[in-house]
Amino acid sequence: MCGIVGYVGNKSVMDILVDGLEQLEYRGYDSSGVAVMCEDEIKVYKAIGKLNNLREELLKHKGEYEKSTMGIGHIRWATHGAPTVLNAHPHTCTCGNLVIVHNGIIENYKELREQLSKEGCVFRSQTDTEVVAHLVAKMYAKTKDLPKAVREATKQIDGAYALCVMHNDCKNTLVLTKRNAPLLVGIGENEFFAASDVPAIIKHTKKAMYLNDNQVVVLTPEKMILTDIEGNEISPKIELLPWEPVALSKMGYKHYMLKEIHEQPDVIRNILVGKLHAPDENIILNEVKLTKETLKNLNRIQIIACGTSLHAAMIGKYIIESFCGIAVDVEASSEYIYRKTVTDKHTLVIGVSQSGETADTLTAIKQAKAKGSHILIITNRPDSAMAREADSLVPVNAGIEVSVAATKSYTAQLMAFYLLGLYMAEIKESVPVAELNSYKAEMMLLPQKIEQILAHTEDIQKCARVYSSTKDFIFVARGINFPTALEGALKLKEISYINATGYPAGELKHGPIAMLDETMPVLSILMKGCVYEKLLSNSEEAKARNARMIALTNSKSEKLEDLFDNIIRVPEVQELFSPLVAIVPLQLLAYYIAEFLGKDVDQPRNLAKSVTVE
């Protein structure tokens with residue numbers, strides 16, 4: 001949930017560190033800090049709030065670090081201890097000679113802290129991270145070998161971590177290790193970079209090595225040495241990074257979120273490339289290893305995800321059950337991992353995660369894999385920890401998503417489910433060929449239908465102005481678009497802080513209808529299909545309670561004008577694919593309301609892009 005950068009080489013380190021942290025701001029944070037190796041000591045600089053506060057702090061000390069060529073940096077999202085300067089990373093040992101930054105959660109930090117305090121360690125913060133600094137320093141005092149000290153310290157740690165360590169005795173050495181948290185090394189000419197995600201280093205190098213759990217890497221300007229937890233040397237696997245720096249640009253848009261909403265037609269095209277060439281041709285998913293025999297022996301499918309990905313999973317359930325006739329369960333990863341689950345070799349388990357590093361989902365996937373289930377991962381990051389656990393993989397090809405609020409990655413996940421559902425239907429022969437071809441033809445038209453919405457946003461902006469002052473908001477839908485209502489409400493909550501809730505429209509009368517009056521907006525996702533008339537009736541019930549009514553619809557009926565105060569129209573589409581066109585206006589509605597309210601659209605408070613703690 002935090003961001004790490006590090007550098008050792010021959011260039012001035014501070015600009016590299018601060019720029020790297022800036023590229024990781026999208027992950028969410030509430031404080032920041034850097035530590036650099038100066039001539040006689042390690043200097044640490046910290047600030048709470050946005051990165052500009054750290055920049056201002058650094059300007060006061062510019063003469064101290066100008067010649068420094070090694071350092072580490074961090075942006076923190078508070079878990080243990082409030083966002084204060086003392087709790088901000090980097091953290092030091094008692095004497096200040098060892099400095100560390102950390103992503104993750106140390107589960108046994110209380111026990112370790114109590115023991116280390118008895119041994120004379122002086123704690124200055126409330127964080128779990130400071131325990132690691134003291135523990136590594138204790139091991140270094142015994143061994144005088146920093147990599148060994150890190151290895152021995154991590155053997156005593158329970159939990160998740162990505163660590164970057166430096167010591168004043170080791171002037172040109174960074175030591176990195178990880179367990180259940182992302183960390184990679186960027187490889188340059190006589191220089192190395194450390195980062196928790198690609199954007200921090202993509203400007204400097206396209207070559208990288210991803211650490212696996214319990215590996216330790218030692219970086220100096222001249223070389224990189226990779227070992228296992230026992231110190232046995234391992235040959236590093238060096239990969240080419242997939243992104244260009246231009247992917248991190250706003251490209252003239254006011255916010256990354258608006259840019260990413262507008263990228264969605266191309267995202268759909270990208271995910272279809274190589275997978276669907278024509279309506280009468282079979283879908284190609286080369287990394288999905290599901291055979292006819294495998295599908296025949298499946299008793300059930302479980303889909304596990306968090307947040308926006310959970311809403312995509314709920315639509316995925318509808319798609320797969322419709323196409324394949326296999327029972328599908330959907331569950332939040334955070335619930336799945338804390339109960340006894342009925343999972344075995346006859347279960348297909350699908351994990352969905354934008355980052356591929358979501359801690360709850362990663363843990364759930366490992367639990368299911370241990371029981372013999374086939375693991376299929378849908379992710380935007382084929383280089384992620386989750387993808388490495390997969391038996392089958394559907395990469396969604398959305399490109400880097402900077403805004404914390406997921407938009408294009410959600411659309412890409414939906415497309416992945418449509419492709420997967422149709423692919424499985426082709427293998428099972430569970431849907432007539434003519435019907436399958438009609439679905440594939442509709443999928444190929446989706447980009448231009450979304451482009452029509454993006455080209456005419458006047459009604460959405462008008463609606464946003466009207467309702468930007470509301471304190472509460474209700475979204476209702478039925479059938480396949482109930483998750484769309486949940487996702488529309490989540491987007492509004494995330495970036496505008498308006499209390500928004502999604503309901504199945506038929507459930508309004510079972511309690512929520514008590515909240516309706518002339519101050520409450522109710523947005524009905526009224527797409528033509530089998531539940532259209534029922535949803536229209538539910539909308540009339542809400543109107544009768546004086547609610548302020550909004551329709552998101554592909555119906556051209558003039559009768560809607562009498563029922564709804566505002567109407568947002570979208571192109572006609574088969575009901576099964578309506579979530580893909582319905583979500584775009586809801587994303588824009590949330591965006592415009594947040595913009596009118598002056599909110600920080602791309603970095604909403606308290607949120608992180610990649611949630612790497614449970």
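Lysine 118 and glutamate 114 are separated by about one helical turn, because the two residues lie four positions apart in helix α4, which spans residues 109-118. In an α-helix, residues three or four places apart point the same way, because each turn takes 3.6 residues. In this predicted model, lysine 118 and glutamate 114 form a salt bridge, with 3.7 Å between the closest N and O atoms. Both lysine 118 and glutamate 114 are exposed. The pair belongs to a set of 31 salt bridges found in the structure.

A second salt bridge joins the side chains of glutamate 119 and lysine 138, at an N to O distance of 3.1 Å. This pair links distant parts of the chain, since glutamate 119 is placed in the loop between α4 and α5 (129-143) while lysine 138 belongs to helix α5, 19 residues away. Glutamate 119 is partly exposed, its relative accessible area being 40%. Lysine 138 likewise counts as partly exposed, with a relative accessibility of 24%.

A further salt bridge connects aspartate 213 to lysine 178, whose closest N and O atoms are 3.1 Å apart. Aspartate 213 is found in the loop between β11 (207-210) and β12 (216-219), and lysine 178 in strand β8 (residues 174-179); the pair therefore ties together parts of the chain that are 35 residues apart in sequence. Aspartate 213 is partly exposed at 29% relative accessibility, whereas lysine 178 is buried at 5%. Elsewhere, Glu152, Lys155 and Glu230 are joined into one network by salt bridges that share partners.

Helix α6 (residues 146-154) is largely enclosed by the rest of the structure, because seven of its nine residues are buried. These buried residues are Leu146, Pro147, Ala149, Val150, Arg151, Ala153 and Thr154. Their packing partners are β6 (98-106), α5, β7 (159-167), β8, β12 and β13 (224-227). Among these elements, helix α5 also carries lysine 138, the partner of glutamate 119, and strand β8 contains lysine 178, the partner of aspartate 213. At the start of α6, the backbone nitrogen of lysine 148 is approached to within 3.1 Å by a side-chain oxygen of aspartate 145.

Another part of the model contains an open sheet of five strands, arranged in the order β22-β21-β23-β24-β25 with parallel pairing. The edges are occupied by β22 (499-504) and β25 (566-569); each has a single partner strand, so one side of each is left without a neighbour in the sheet. From one strand to the next, the twist averages 20°. In general, the strands of a sheet pair through backbone hydrogen bonds, in either a parallel or an antiparallel sense. The pairing of strand β24 (residues 548-553) with β25 is parallel and extends over four bridges. Isoleucine 567 in β25 stands opposite alanine 551.

Two helices accompany this sheet. Helix α16 (residues 458-467) lies across β21 (472-477), β23 (521-526), β24 and β25, and runs at about 145° to β25. Helix α17 (residues 482-496) also packs on the sheet, where its contacts are with β21, β22 and β23. The direction of helix α17 makes about 175° with that of β22. Strands β21 and β23 are thus listed among the contacts of both α16 and α17.

Key
Residues are numbered from 1 along each chain as its sequence is written. This is a predicted model: local features need pLDDT of at least 70, side-chain atom pairs count only at pLDDT 80 or more; totals for chains, interfaces and linings use all residues. Side-chain values use heavy atoms; hydrogens and water are left out. A salt bridge is a side-chain nitrogen of Lys or Arg within 4 Å of a carboxyl oxygen of Asp or Glu. Buried means under 20% relative accessible area, exposed over 50%, partly exposed in between (1.4 Å probe, protein chains only). Two strands pair if DSSP finds at least two bridges between them. Axes are lines fitted to C-alpha atoms, for helices over the stretch in contact, and angles run from 0 to 180 degrees between N-to-C directions. Contact means heavy atoms within 4.5 Å. A polar contact is a pair of N or O atoms within 3.5 Å; within protein, one must be able to donate a hydrogen and the other to accept it, and residues adjacent in sequence count only if both atoms are side-chain atoms.
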